[in-house]
Amino acid sequence: MSSPPAADVTAGLAARLTDVVGPAHVLVDPELRAPFETDWTRRFGGPALLVVRPGSTAEVADVVRACAGAGVGVVAQGGNTGLVGGGVPPSPGRSPVIVLSTVRLTGLEPVDNAAAQVTAGAGVSLARLHAAAAAAGLAFPVDLAARDTATVGGMVATNAGGVHVMRYGSMRAQVVGAEAVLADGSVLSRLSGLVKDNTGYDLSQLLVGSEGTLGIVTAVRLRLVAAQPERVVALLGVDSTAAALALIDVLRRRVEGLEAAELFFDEGLALVREHGRLAAPLPRAFRAYLVVECGGLADPSESLFEVLAELDVPEAATAVATDRAGRASLWAYRERHTEAISALGVPHKLDVTLPQARLAEFEAAVRAVVAETAPGSTLVLFGHAGDGNLHVNVVGPPPEDETVDEAVLRLVAALSGSISAEHGIGRAKTRWLELSRTAAELTAMRAVKAALDPAGVLNPGVIFERV
Ligand SMILES: Cc1cc2nc3c(=O)[nH]c(=O)nc-3n(C[C@H](O)[C@H](O)[C@H](O)COP(=O)(O)OP(=O)(O)OC[C@H]3O[C@@H](n4cnc5c(N)ncnc54)[C@H](O)[C@@H]3O)c2cc1C
């Protein structure tokens, strides 16, 4: 995409898109556009020529065709809860784009009980999907704290992970098929729900994790799992990351239905308690904390208690809940980290994954690296320790100062980790992609992008700064 279009290009595009979706769904007024132009972290964003809200796959295709014809990029946006700037326009002065919001693609078909699957529009929220699955006696197993706002389309586009990956896998493992509009306006539709379908390249899976750069997902066919109505949550105090990981190792092998093992530290607990005015979860303080959850058809708590007793985990280090309210109050100590950190300032958020055996080494090393490269900043670590995934949050350096990002991501690469565990590359990490991908992989990825979107219409500047 080249130089910015003249004002008459914007006016012409607005008129063309108004013909497609109606005047109520083309937002040109800066005040109406504003919420779509800045990301959740407040670190990324820029101006869009306009925001368009198509109501069907056919309308999405017409919008994409019109934008491609006008030489204007298309940024897909779902719930705008992404944390790497991929769902918002680039900073001013880059290629002109519009935001295509999926808020109106909210069709949700009845659950197909025979197949244990459901077809959901891209704009359906995760919470609504959970409710629909539960009403059918099933469950959608991916869960994350932004569940009320994050959409199915955004979760597919980012291959969202969340708290249950250790048992069920990430979004990729739930996608049976997808419908999407490509850069030339053609529609791929694979929603029949065939579990076995080896007829060449799996284009639905290619869209998973593509962050809006290969196609606009309009609907998804998703796998559901058996509901696990009996649940137990335990919040456990431990003295170190190594102790937490040793505990996870035993729980993974010995406890029935282990679904989550989430780690946080004393500094994060203090922040969350202050932000949420929460009481201390345990009678005394610990260096690190694990939230573990087990689910089953039968009550899994006996199995958990037995193992904790065998391991001599003291009572003062254990808080347990089996009822819904009690479980939610224990989860709050972990789930409220993201909002508590954002309340401190605009965070540098580095979502990374390490080989499980090197997570403790990384935790110690990253504290030293941040102290050295961002002195005086606040560092808060937490994450999905069962998957080797830590979220490194640094508040203090100005948003545009990337010194600490660079140092942390280089440390991750040196320890054979990945610079993005579950949030994606977005606009935040394009310059470091080569730390986690080989030259041959980058060439193949660019070839895929060039084949499907030769003019760079879809999400320009995301994943690759330039194609
Ligand atoms: C409090 C909080 C907790 C979170 N916890 C987790 C977590 O545990 N695990 C995790 O993985 N993430 C987590 N996230 C990040 C975020 O919720 C996920 O990345 C989620 O998948 C984004 O969904 P969304 O609908 O908000 O997408 P958006 O933010 O709108 O977009 C994200 C990306 O997907 C693209 N996109 C959106 N919709 C489409 C579409 N229909 N077609 C093609 N591309 C599209 C966008 O262009 C962008 O690149 C959290 C965020 C918050 C705020």
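Here's a quick rundown of the ligand site and one helix pair in this structure. Keep in mind that the model is predicted. The ligand has 36 residues around it, and the protein buries 96% of the 990 Å² that the ligand exposes when taken alone. Away from that topic, helices H10 and H13 pack at an angle of about 80°.

**Who's around the ligand**
- Of the 36 surrounding residues, the closest are Ala76, Gly78, Thr81, Gly82 and Thr151.
- Sorted by class, the shell comes out as 21 polar, 13 nonpolar and two charged residues.
- Strand S3 (73-77), helix H5 (152-158) and strand S9 (216-223) each chip in at least two shell residues.
- H5 is the top contributor to the shell, with five residues.

**Polar atoms facing the ligand**
- Gly162 puts a backbone N or O atom 3.2 Å from a nitrogen atom of the ligand.
- Glu211 also uses its backbone here: an N or O atom sits 3.3 Å from a ligand oxygen atom.
- His384 brings in its side chain, with a polar atom 3.4 Å from an oxygen atom of the ligand.

**The H10/H13 pair**
- H10 covers residues 266-276 and H13 covers residues 337-344, and their axes run 9 Å apart.
- With an angle of about 80°, the two helices are therefore roughly perpendicular to each other.
- On the H10 side, the contact is made by Gly268, Leu269, Leu271, Val272 and His275.
- H13 answers with His337, Glu339, Ala340, Ile341, Ala343 and Leu344.
- Class-wise, the residues of this contact split into seven nonpolar, three polar and one charged.

Note on methods:
Residues numbered from 1 in each chain as written. Predicted model: local features only at pLDDT ≥ 70, side-chain atom pairs only at ≥ 80, totals over all residues. Heavy atoms only, no water. Near = heavy atom within 4 Å. Polar contact = N/O pair within 3.5 Å; in protein donor to acceptor, adjacent residues only side chain to side chain. Areas by Shrake-Rupley, 256 points an atom, 1.4 Å probe, with all protein chains shown as cover. Helix = DSSP H or I, 4+ residues; strand = E, 2+ residues; numbered from the N terminus. Nonpolar A, V, L, I, M, F, W, Y, C, P; charged D, E, K, R; others polar. Axes fitted to C-alpha atoms, helices over the stretch in contact; angles between N-to-C directions. Parallel < 35°, antiparallel > 145°, perpendicular 65-115°, else oblique. Contact = heavy atoms within 4.5 Å.
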